[in-house]
Amino acid sequence: MRYADPAETNKIFGKNECIKSVFIFLGNYILLMALVVLFIWINTLHIEGQSFVGYITSSFNTLIYLAASLFMLFLTVYFYYIFEDKSILATPKSIWLIFLLLDTCLVICYFFGLFFNIYSRPIALLALLALLLLGRRDAIFLNIIFALMLYSVDHFSNFAVLNEYVNALSSTPLLIFSAGMVGIFVGSKVKTRIRSFLTGFAICVPILVMIACLEYNRGLSLLWLLLYGLEAGVLSAILFMALLPVFEALFNCITDYRLRELTDHDAPLMRELKDRAFGTFNHSIVVAHLAEACAIALNEDTALARAAAYYHDVGKLRQPEYFTENQSGFNPHSELTPELSVDIIRSHAKDGYDLIRSRRLPKILADVALQHHGTLPVKYFYAKALKMSDGDVNIEEFSYSGPKPQTKIAAVVMICDASEAISRTLPVRSPEKVEAAVREIIEERVDLDQFAECDITMRDLTIIKEAIVSCLTGVYHSRVQYPKLKLKRHESDTAEEKASGDKK
């Protein structure tokens, strides 16, 4: 699924963005037409007695129709996003992603159809990639566009001359549409790479059925065509797994697979956190557990909530010894003024944002790191400053600079972060005490308008509170006191061991 960056989602699609998007569309249309000309030239090399210039001259009207058809498809894509999601058109990176997906899949399908068999083409590849990189709705739309695009190139170029399977050429839109739709609806439930591979076999089903219906009169050669159909489905899944990391890296996209890789304890930043700030690492693990439980209860994305919680405190890597969870006895703040101490503490939010961005990790994780304290005051040092200055202190000088949480996930991490920290200070962690502490945290943030800029509701806050209380009472449950009893080895066992030693 696609994780939209709030900054991109809220981007205004004005006159400048409109002009820029039109030029990008025209540039990609020219690039596509160049690919089509390349395909035609390659085809002429495989057709005996046909020259490139001769074909262009004799089929000029057909090629004009092909160019017009592809231009209409580009217009359809443009107006789809005008009415459905202007943020895509306002973000050049997203436009390039869409057309690079279309062009890549078109090239792959062309060469497999040319050098192997038209039924062996990985026709569901576009649908699978678009599903993970753009979302299900866009994947369905682009699957239809790709079906019509590939059909136009097949039917109105000299590619048709190279293929004896006329039925396959005429049925290309239905083949791609049915295989792609199966891939989209089956793949949307898949969360592991092995299941992604198995999705290829589900994609084969409509392909094999249609091949059997179209080519039933070919006798034994039908078996080979069915094997090509099986290849088309499996190859779609294999190429999807191979190309997805490439697109993730090129466009810094965030998918379920990448989120799982980022939350592995051997991920670079996680390994640094574990080595240099183990207390913060342990805190982040528990916060991630709480955030995941809240996301499940709210029907939000659990992988994103877990990853955001893992990375929310990575800014503490800059000066880990100044944070309580990483200290072992000596507290360096005892030698600093409250003003200097609060500057160090507050900086971890901005440091986390900068560190995540410098590692080219998804911006949505950096945003949560920056927003998870909102504009809250650092109460400990504020109170210390009040005591030292007889109450003449500006609270804003002891508050985080924000912004406040912009998404529901950021709000969840804010609450979970504070709840985990305060639960460690409770002398008695009964459900009643934990519930009172979490309720106080939420009410304080509501009173300070920390949730004013995100779409969280009072019902959501109640659900979050219940999920956190349930988890914290499970994590910090009481244990039976072990008796202070020192056990000794049985005398008979000692005597036997001594006897065996003497024999040796």
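**Exercise 1.** In this predicted model, locate D313 and decide whether D313 is buried or exposed.

*Solution.*
Step 1. Find the two helices on either side: α16 (302–311) and α17 (338–358). D313 sits in the loop between them.
Step 2. Check the relative accessible area of D313, which is 1%. Buried means under 20%. Therefore D313 is buried.
Step 3. Look for contacts, leaving aside neighbours within four places in sequence. D313 touches L273, T280, H283, S284, H348, H372 and D417.

**Exercise 2.** Describe the largest pocket: what is its volume, and which element gives the largest share of its lining?

*Solution.*
Step 1. Take the volume: about 1,200 Å³.
Step 2. Turn to the lining, which has 36 residues. T324, H373, Y380, A421 and I422 lie nearest the centre of the pocket.
Step 3. List the elements that give two or more residues: α15 (278–298), α17, α19 (379–389), α20 (408–423) and α21 (431–447). The largest share, six residues, comes from α20.
Step 4. Sort the lining by class. There are 15 nonpolar, eleven polar and ten charged residues.

**Exercise 3.** How many disulfides does the structure hold, and why is C109 not bonded to C105?

*Solution.*
Step 1. Recall the bond. A disulfide is a covalent bond between the sulfur atoms of two cysteines.
Step 2. Test C109. Its closest cysteine sulfur, in C105, is 6.5 Å away. The cut-off is 2.5 Å, so that distance is too far for a bond. C109 is buried, at 1% relative accessible area.
Step 3. Test C416. The nearest cysteine sulfur belongs to C294, 3.9 Å away, and C416 is in no disulfide. C416 is also buried, at 0%.
Step 4. Give the count: zero disulfides.

Terms used. Residues numbered from 1 in each chain as written. Predicted model: local features only at pLDDT ≥ 70, side-chain atom pairs only at ≥ 80, totals over all residues. Heavy atoms only, no water. Helix = DSSP H or I, 4+ residues; strand = E, 2+ residues; numbered from the N terminus. Buried < 20%, exposed > 50% of the residue type's maximum accessible area, 1.4 Å probe, protein only. Contact = heavy atoms within 4.5 Å. 1 Å grid on protein atoms, 1.4 Å probe; cavity = no way out; pocket = protein on both sides within 12 Å on 5 of 7 lines; lining within 4 Å. Points joined across faces, edges and corners; volume = space filled by probe spheres on them. Nonpolar A, V, L, I, M, F, W, Y, C, P; charged D, E, K, R; others polar.
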